[in-house]
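Hello,

Here is the structure I promised to hand over. Please have a look before reading my notes below.

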Amino acid sequence: MKSNKLMSVIVIVIIVAVVAGGGYYAYHYETTGKLKVSAADTPTGLSGVMDVNVTFSAIALHSDKASSNSTGWTNYSLHDKTVNIMNLTASDAAFLSNLSVHAGSYNLMKIYISNVSVYIEAGFLGFSSSTSVSLHLAHAFALVVFVHPLTVAAHTTTSMVTDFNLSNNIHMSSKTFNMSASVIIN
């Protein structure tokens, strides 16, 4: 008799766990879309620089529907992805990640960069040979304000290219990278 009661309790616990897990999966699946994140550089005449390798660590999106009891920010890791963005346009931008994002509208984005190094030509800034120079990051992140909210719909992919203007971002005299960017949404 005791074993029948125990067996009944175990079966009920398993059924509850399966229903709860299935409900969570359905909720998550029904309310998420994909955000394809890429990076580019507005083509410039940045003389003496051959490569600009940027390590992207994360982005954070701010929901325009944030409640008063939450910050509205959600962080997404980019797993310290390093790409050379020198002279990449929006049409051939470097792929960073496909993020699973809650469907909704977003009005702000933070782009976190952990490292920037430039590869410069021999003779530029007095260097006798081509060399790599690490740049100091002027800020912890770049804040992008969307003129029109970024909308991610469930079951779809929204593409976003973060476009840097390296001639404005790179200050070789102080070896500083000043983060600023615009966003192109497709």
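How do the residues lining the largest pocket divide into nonpolar, polar and charged? They split into 3 nonpolar and 7 polar, with no charged residue in the lining. Please keep in mind that this is a predicted model.

More on that pocket. Its volume is about 160 Å³. The lining comes to 10 residues. T74, Y76, V101, H102 and Y106 are the ones nearest the centre of the pocket. Two strands, β3 (73-84) and β4 (94-102), each supply at least two lining residues. β4 gives the most, with 3 residues.

Now the strand pairing. I followed β5, with these results.

- β5 (residues 104-120) pairs with β2 (residues 49-63). The sense is antiparallel, over 13 bridges. Within this pair, T55 has N115 of β5 as its bridge partner.
- β5 also pairs with β7 (residues 141-152), again in the antiparallel sense, over 8 bridges. Here S105 is bridged to T151 in β7.
- A further antiparallel pairing joins β5 to β6 (residues 131-137), over 5 bridges. For Y119, the bridge partner in β6 is S132.

To find your way around, start at the pocket. Look for H102 and Y106, which are among the residues nearest its centre. Then turn to β5 and trace its antiparallel partners: β2, β7 and β6. The bridged pairs T55 and N115, S105 and T151, and Y119 and S132 can serve as markers.

Best wishes

Notes. Residues numbered from 1 in each chain as written. Predicted model: local features only at pLDDT ≥ 70, side-chain atom pairs only at ≥ 80, totals over all residues. Heavy atoms only, no water. 1 Å grid on protein atoms, 1.4 Å probe; cavity = no way out; pocket = protein on both sides within 12 Å on 5 of 7 lines; lining within 4 Å. Points joined across faces, edges and corners; volume = space filled by probe spheres on them. Helix = DSSP H or I, 4+ residues; strand = E, 2+ residues; numbered from the N terminus. Nonpolar A, V, L, I, M, F, W, Y, C, P; charged D, E, K, R; others polar. Pairing = 2+ DSSP bridges.
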